[in-house]
Amino acid sequence: MKRETGINRREFMKATAALSAASTISSALWSSAANAAMTPDNPLLDETLVKKLLEAAMSRGAEYADIFAEDGALSRLKLDEKKIRSAQTGMTRGVGVRAVIGQKVGYAYCEGFDEKALLETAKSAAYIAAEKPGTVGKINGHSKCPSINIVEINPGDVAAAKRADLLFRGNETAFAHDSRVSQVIGAYIDTDRLVTIASSEGIFVTDRRLMQTLYFYVIAEGGGDRRTGFSGGGGRVGFEFYDKATPEHFAKEAARQAVAQIGALDAPVGEQTVVLSNGWSGILLHEAIGHGLEADFIRKGTSLYTGKVGQKVASELCTVIDDGRIPGRRGSISVDDEGTLTQKKVLIEKGVLKGFMFDKLNAKLMKEKTTGSGRRESFRHYVMPRMTNTFLAPGQSDPADIIKSVKKGFYAKNFGGGQVNITNGNFVFEVAEGYLIENGEITKPVKGATLIGVGPEVLKHVSMVGNDAELDPGIGTCGKNGQSVPVGVGLPHVRIENLTVGGTDRGKN
Amino acid sequence: MDKKSIEIAKKCVDLSLKMGARQAEVYMENGRNMEVTARDGEVETLKQAESLGMGLRVFTGKRLGFGYTSDLSEGGLKDFVKKIIDMSRVTSEDEFNNLPSESVSGDRPDAPKTYDEKVAALTPEWASKAAIEMEKICLGSDPRIKTIDDVGAGVYVSDTAVVNSLGLEDTGRSTYVQVYAGPVGADKAGNSQVVYYWDERCFFEDMMSPERIAKEAAKRTVDSLGADKIPSGNMPVVFSPEMTKGFINGLIGAVNGDMVFKKASFLSDKLGQKIASDKFTLIDDPLRDRGTASSAFDGEGVPKRKLAIIDKGVCKLFLYDAYTAAKAGAKTTGSAVRGYSSLPGIGTSNLILQAGDASPEAIIGEVQYGLYVTHMMGRGVDTVTGDFSRGANGFLIENGKLTKPVQEVTVAAHMNDMLTGIDAVGDDMDLRGSTWAPTIRFAKLTVSGK
């Protein structure tokens, strides 16, 4: 077990870990098939126990308490060296209890649903306060959460061999694509979680959350060069999703990326005009501005967007939206992890900052309302304000005209991931597939480089926005303070002036 | 690990064999943690938990199945095992699917010390006091420090056990304690910076005082105020010990036996060859007393030993677990790492870059114009291609002195050139955490800025 730097303050978003040998799927919970009894009609803990736990959590004077119970499982198939290398299944059940007084939070969790252990857990959470007991509000019965995500075929009902077939099909396609393809790694993961959320304010709701992911990672070799490609997709969807978004499509795309970069030139150095492709490039928004608009950083005054509502923080071409209610997307949740209905929020309208993303704690302390942005990785983690699906609204420009408008520049077609420092706004993102733009045309491939900038500066330098807005195919996971949650991002083609490209070829500068 | 848990693990292994597995192995983990952060002179968050989980790996014929659960009740066990055995039927046959024959039970005389009673006994009151004190010191140390991003302390105690159908029964026990501070400073123009400083140790008495951590964090934050871009250029680049840690950790992906076997590492065909400067010696030492990642056995119960991965620039070995070693016709190096919810992977324990004899002052002092890097962002090394490109913060070096803070630049090169171009290794070994490293200097990297 390796534990490096204790501090994971990084906001890191990346394509689902591809080659990592130890590829753990974090500690999050997941479920698969066999659990036919899983239904949000009934809560995971009954009302009497829920009340007892809330009372215990507030027994030392907390103003607010909540409970997050989950029961879920994961199944994961991995293809490697043309074989189904492993089949995994995981089951997790447990409860997290939170007690809040002012800005102080007590949090405790335990595995399983044993009443005695749960009461001890609630008492541990209560420890944060040391006053008279708080009052638990009336719970008016349990409610099932109406889901915004539509699932026709539950992946759990699909035979394992049929799920494995997705991987074999992709494997075959990738190898058939080009003789230079040397390795194909694929994974199919499906998870099914039931969560019951209850609070001292009377919330008592159960939500069922399904998720699927399929991806391929391809290595191609030729002329002494070795390059990689990655493609995948999924979301809160049923197995029917892969009838249209086929494994052949993803595998071919991963193979295309790897092969296209063989013989790629060194990336240029210095400030360039950069064009971002549509879709997954939305990580630009996620990193450059999204994290800085999460209310915890605002309340603590550590975000450089603190106090800037109503001010111009981006080019007027930029309208940025966070929407947790787009059916089927990774960031789409019917209620957030505090039981609040999710929303569509306009964060920036025509360049002007409109507001922040709130969970209950930060909303209360800042005298605002929660925006349904309270999320957590699992019952083992406390709630923080987080993004859901974050995207840039479409503009007027034809993407072809955007490319044509650039005499000399850099085209970023694909990204690995990104990271931001909230305090100074510095962000990076890693180009997985990049090209030179010469005289209005996309020309030679260049090796993966890093783009770096300062959030607000970069958004001010957006000079063209395409009309081809698109969301990513469903591969994003966002990390904050050591917690990972699935998210969506989106962007049309965008032209940005003076973005620093971190390559090694100074001649092209 | 308590007897009851070991009994459950054994029962699970027996059940697997009865239900059709050829071999079975349980990895069990029992953890306790307590984490505190402070703000405005009081505790901000207090998190406490105890958790127990187990992972079961079975080989049904030549097929592999794996599953994990936190439900260790007897009733749940049977369903758990059945599900994993059923799942394994979908996997492909693979002749290398075997438990390691090298796994050994029992105590080792040279087993490292990994458990400190003092750490195990630390209370929320201790952590609260440390965190509150650090916030106060940060805020009081300089008027430009306006708030904190986070200050906190945490304690972790874990018990692990590996039990398998070859008769293996290994247990391990470890502690670590962690303290960190991240003050936020702002300059006159309102531009902010945060720099974290931290310590993480297995034994309490090895740890720096919270006071020292807070003071160092505050100093580093204030020093970084006013950071700006510098012009692009090729120049000598010095990595602080923290950055060296990240660099050598990134390199490990390239000596991972699985990646090497698949020719998915830029070092795949470099065994026995000179790949780095003479000054570069990289060691994995799992047997050091009080190392935060020390252990006598790996995640499959194979005895661990000290491994010289790169010796004076020569690539000496690749890292293997049992499966990958069998496949590659090598021997396991005892490098299986795991948590209960994952299959064994390949990794290191205490990764050490051997110290050199130059002082960090001399390493910087010899540079006419260059960059001293104290923070990096982004993925780091692409171990498949060997490309390196990261965002960097730090200081400009002019005439042997650190002159002004730098941000929003990238540092890039190919790993082959980086490794051979290391022309100085410091004597300032940083012993915090599980990766130990000194200051290093690269003769020439590409810095991209203005």
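1. Strand 2 of chain B is largely enclosed by the rest of the structure, because 17 of its 19 residues are buried. Buried here means that 20 or more other C-beta atoms lie within 10 Å of the residue's own. Keep in mind throughout that this is a predicted model.

2. Follow strand 2 of chain B back to strand 1. Strand 1 of chain B spans residues 23-39, and 17 bridges join it to strand 2 in an antiparallel run. B:Arg39 has B:Glu42 as its bridge partner in strand 2 of chain B. Two residues lie between these strands in the hairpin, and B:Asp40 has a positive phi near 55 degrees.

3. Now go forward to strand 3. Strand 3 of chain B covers residues 63-69 and pairs with strand 2 of chain B over seven bridges, again in the antiparallel sense. Within this pairing, B:Gly55 stands opposite B:Tyr68 of strand 3 of chain B. This is a hairpin too, with two residues between the strands. In its turn, B:Gly61 has a positive phi of about 60 degrees.

4. Strand 2 of chain B also pairs across the chain boundary. Its partner is strand 4 of chain A, residues 104-111; the two run parallel and are joined by six bridges. What is the bridge partner of A:Ala108 in strand 2 of chain B? It is B:Gln48. A:Tyr109 stands opposite B:Ala49 in that strand. As a reminder, strands of a sheet pair through backbone hydrogen bonds, either parallel or antiparallel.

5. The contact between the chains involves 81 residues of chain A and 86 residues of chain B. On the chain A side, strand 3 (residues 83-101) gives the most, with twelve residues. That side of chain A divides into 29 nonpolar, 35 polar and 17 charged residues.

6. The largest nonpolar core has 211 residues. Which members touch the most others? They are A:Val218, A:Ala254 and B:Val373. Strand 17 of chain A (residues 426-438) gives the most to this core, with eight residues. Another core, of 85 residues, lies apart from it. Its members include A:Val105, A:Ala108, A:Ala126 and B:Ile145. A:Ala108 thus appears twice in this note: it belongs to that core, and it bridges to B:Gln48.

7. A:Ala254 deserves a look on screen. Leaving aside neighbours within four places in sequence, A:Ala254 is in contact with A:Ala174, A:Phe216, A:Tyr217, A:Val218, A:Gly229, A:Phe230 and A:Ser231. Strand 7 of chain A covers residues 204-222, and strand 8 of chain A covers residues 225-235. These two strands pair in the antiparallel sense over eleven bridges. A:Gly222 has A:Asp225 of strand 8 as its bridge partner. Two residues lie between the strands in this hairpin, and A:Gly223 takes a positive phi near 55 degrees. Strand 8 of chain A is mostly covered, with ten of its eleven residues buried.

8. Chain B as a whole has ten helices and 20 strands. Its radius of gyration is 24 Å, close to the 22 Å that the globule rule gives for 450 residues, so chain B is as compact as a globular protein of that length. The C-alpha atoms fill a box of roughly 70 × 55 × 40 Å along the principal axes. Buried residues make up 62% of chain B. Of the contacts in chain B with a separation of 6 or more, 73% join residues 24 or more positions apart.

9. Chain B also holds an open sheet of five strands, in the order 11-10-9-14-19, with mixed pairing. Strand 11 (314-315) and strand 19 (435-436) are the edge strands, each pairing on one side only. Strand 9 (residues 282-284) and strand 14 (residues 351-353) run antiparallel, joined by three bridges. There, B:Asp284 has B:Leu351 as its bridge partner.

10. Helix 6 of chain B, residues 241-251, packs on this sheet and touches strands 9, 14 and 19 of chain B. Its direction makes about 120 degrees with that of strand 14 of chain B. Is helix 6 of chain B mostly covered or mostly uncovered? It is mostly covered: ten of its eleven residues are buried. Among them are B:Glu242 and B:Lys245, as well as B:Met243, B:Phe247 and B:Ile248. The cover over these buried residues includes strands 8, 9, 14, 15, 19 and 20 of chain B.

Note on methods: Residues numbered from 1 in each chain as written. Chains lettered and ligands numbered in written order. Predicted model: local features only at pLDDT ≥ 70, side-chain atom pairs only at ≥ 80, totals over all residues. Buried ≥ 20, exposed ≤ 12 C-beta atoms within 10 Å, placed from the backbone. Helix = DSSP H or I, 4+ residues; strand = E, 2+ residues; numbered from the N terminus. Pairing = 2+ DSSP bridges. Contact = placed C-beta atoms within 7 Å. Nonpolar A, V, L, I, M, F, W, Y, C, P; charged D, E, K, R; others polar. Core = buried A, V, L, I, M, F, W, Y, C linked by C-beta atoms within 7 Å. Rg over C-alpha atoms; globule rule 2.2 N^0.38 Å. Axes fitted to C-alpha atoms, helices over the stretch in contact; angles between N-to-C directions.
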